[in-house]
Amino acid sequence: MTRASAAAYGAILPGTDLSLRARELVRIHDAVLSGVRPPQRPRALVARSWSRVMNLGLAADHVNTRRPLSHDELVRRRSTSRLSLVIDELRRVLTSVADASLFLMVVCDADGVVLWREGSPRVQLTADRLGFLEGMVWTEQVVGTNAIGTALAEAAPVQLFSAEHYENHQHPWYCTAWPIHDPRDGQLLGVVDVSGPALTLHPAIAALVESAVRLAEASLWRQHQERLESLRRSTEAVVSSANGPLLVVDDHGWVAHHSGIAARDRIDVPRADHAVAVPGLGLCLPERLGDGWLIRPQDPGTTIRARLYRGPEPRLEVLRDGDPWRTTLTPRHAELLATLATAGPTGLTAADLSTHLYGDAHHEVTVRAEISRLRRTAGALISTHPYRITPGVTLEVSTLSSS
């Protein structure tokens, strides 16, 4: 970690006198919260967090109310979290030195709920008094500025030292938190944190936490690859007997098998009766196949029928054998779809849509963003370059009564 990045993420640079710095931070904290000019400005990250917390009305001079989740809810969150797949890796990297280094490893989910807390028994006793317990919510809204909650709020790694914490009772602590993401889709899974007595903070802690998270994310990726291979094997018999080009993908659109089409890593997330456009295959309707999806072109001559209902609560239906697939739309998205339906196969440009929606051609960026969001809902019913209803799709537009 460079000196510049340490200044942005790490709270303490190598060689810092921790006792002196802790006293300086107390003076800064007390001045800012009292509304007087501080002797130094707090770090920008800390200032943003204190501002958010003060606007929430949390007190700094006592431990704000913590209400733990029920044991059953904690067990449920642990069992359903993908972090359960890598908790052993995190333990191996972090808790092996926790006792000697006097710190705790804390793993939270994306809601800031503490799922696991392990480490030095001595430090755990201090954490108990702060309500830093399994099942507690450790967000800024509940406990003020802290590395876990601030990492969630900032969507970035955070290290806090001493009186950079908002609550006075947390001033004897340091906390180093790093968000952990699902490598399949980038979804935030939670935060890995190391916390301990402030005056024991070592400059290498930040690198240790980052390494633990990187190893855990690599492990998640390996497990993902293993599941794709398992899906490929389990669908091999069905695929070998199928005619024509196809893909087999998992629930996140990652390709486990391809036949008659150039290899691809990933397609749009498949959903039943939700059309996806795949280069080399065209418009496809995913079919469930074991634990994955079979993606292949429509039968020649088959048309996907969709119906847009406009009104106070617009909705879209995609019709197929059996029950139709339905989703609600915003009025803006319903208007976009209706406009494209009337445009015909020639379609419209972003400037055309901007003129229709806003009365001028100067909102092309906004239009592109809206179309992108609409395609997450309507899938490949909409084609781009130009924007139009995809060939092979018929879209009827009806108006819902307000009664």
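Here are some worked exercises on a predicted model, each with a task and a stepwise solution.

**Exercise 1: An open sheet**

Task: Work out which strands stand at the edges of the four-stranded open sheet, and why one side of each is left without a neighbour.

Solution:
- Start with the order of the strands, which is β7-β6-β11-β10, with antiparallel pairing.
- Next, look at the two ends: β7 (255-259) and β10 (287-289) each have a single partner strand, so one side of each has no neighbour in the sheet.
- For the geometry, the twist from one strand to the next averages 25°.
- Now zoom in on one edge: β10 is joined to β11 (residues 292-295) by three bridges, and the two run antiparallel.
- Within this pairing, L289 is found opposite G292 in β11.
- Finally, add the helix: α10 (residues 205-234) lies across β6 (246-249), β7, β10 and β11. Its direction makes an angle of about 40° with β7.

**Exercise 2: Two packed helices**

Task: Describe how helix α12 and helix α14 pack, and name the residues that make the contact.

Solution:
- Recall the two quantities to look for: packed helices are described by the angle between their axes and the distance between the axes.
- Here α12 (residues 331-343) and α14 (residues 364-378) meet at an angle of about 95°, and their axes are 10 Å apart.
- Then classify the angle: 65 to 115 degrees counts as roughly perpendicular, so α12 is roughly perpendicular to α14.
- On the α12 side, the contact is made by R332, H333, L336, L337 and L340. The α14 side contributes E370, I371, R373 and L374.
- Last, sort the residues of this contact by type: five are nonpolar, one is polar and three are charged.

**Exercise 3: Aromatic rings around F132**

Task: Decide whether the pairs that F132 forms with W138 and with W173 are stacked or edge-to-face.

Solution:
- Begin with the total: a search of the whole structure finds three aromatic pairs.
- For F132 and W138, the centres are 4.5 Å apart and the planes are at 25°. Planes under 30 degrees apart count as stacked, so this pair is stacked.
- For F132 and W173, the centres are 6.2 Å apart with 85° between the planes. An angle over 60 degrees counts as edge-to-face, so this pair is edge-to-face.
- Place the second pair in the chain: F132 lies in the loop between α7 (121-130) and α8 (140-143), whereas W173 belongs to strand β4 (residues 173-181). The pair therefore ties together parts that are 41 residues apart in sequence.
- Check the accessibility too: the cut-off for buried is under 20% relative accessible area. F132 is buried at 2%, W138 is buried at 2%, and W173 is buried at 4%.
- Put the rings together: F132, W138 and W173 form one aromatic cluster.

**Exercise 4: Backbone details**

Task: Find out where A155 and S162 lie, and whether A155 is buried or exposed.

Solution:
- Take A155: its phi is positive, about 55°, although it is not a glycine. A155 sits in the loop between α9 (147-154) and β3 (158-161).
- With exposed meaning over 50%, A155 counts as exposed at 67% relative accessibility.
- Turn to S162, which is not a glycine but has a positive phi of about 50°. S162 is in the loop between β3 and β4, and it is buried with a relative accessible area of 4%.

**Exercise 5: A cis peptide bond**

Task: Locate the cis peptide bond between H385 and P386.

Solution:
- Read the torsion: omega of the bond joining H385 and P386 is about -5°.
- Then place P386, which lies in the loop between β15 (382-383) and β16 (388-389).

Terms used: Residues are numbered from 1 along each chain as its sequence is written. This is a predicted model: local features need pLDDT of at least 70, side-chain atom pairs count only at pLDDT 80 or more; totals for chains, interfaces and linings use all residues. Side-chain values use heavy atoms; hydrogens and water are left out. Two strands pair if DSSP finds at least two bridges between them. Axes are lines fitted to C-alpha atoms, for helices over the stretch in contact, and angles run from 0 to 180 degrees between N-to-C directions. Contact means heavy atoms within 4.5 Å. Angles under 35 degrees count as roughly parallel, over 145 as roughly antiparallel, 65 to 115 as roughly perpendicular and the rest as oblique. Ala, Val, Leu, Ile, Met, Phe, Trp, Tyr, Cys and Pro count as nonpolar, Asp, Glu, Lys and Arg as charged, and the others, Gly among them, as polar. Rings of Phe, Tyr and Trp (its six-membered ring) pair if their centres lie within 6.5 Å; planes under 30 degrees apart count as stacked, over 60 as edge-to-face and the rest as tilted. Buried means under 20% relative accessible area, exposed over 50%, partly exposed in between (1.4 Å probe, protein chains only).
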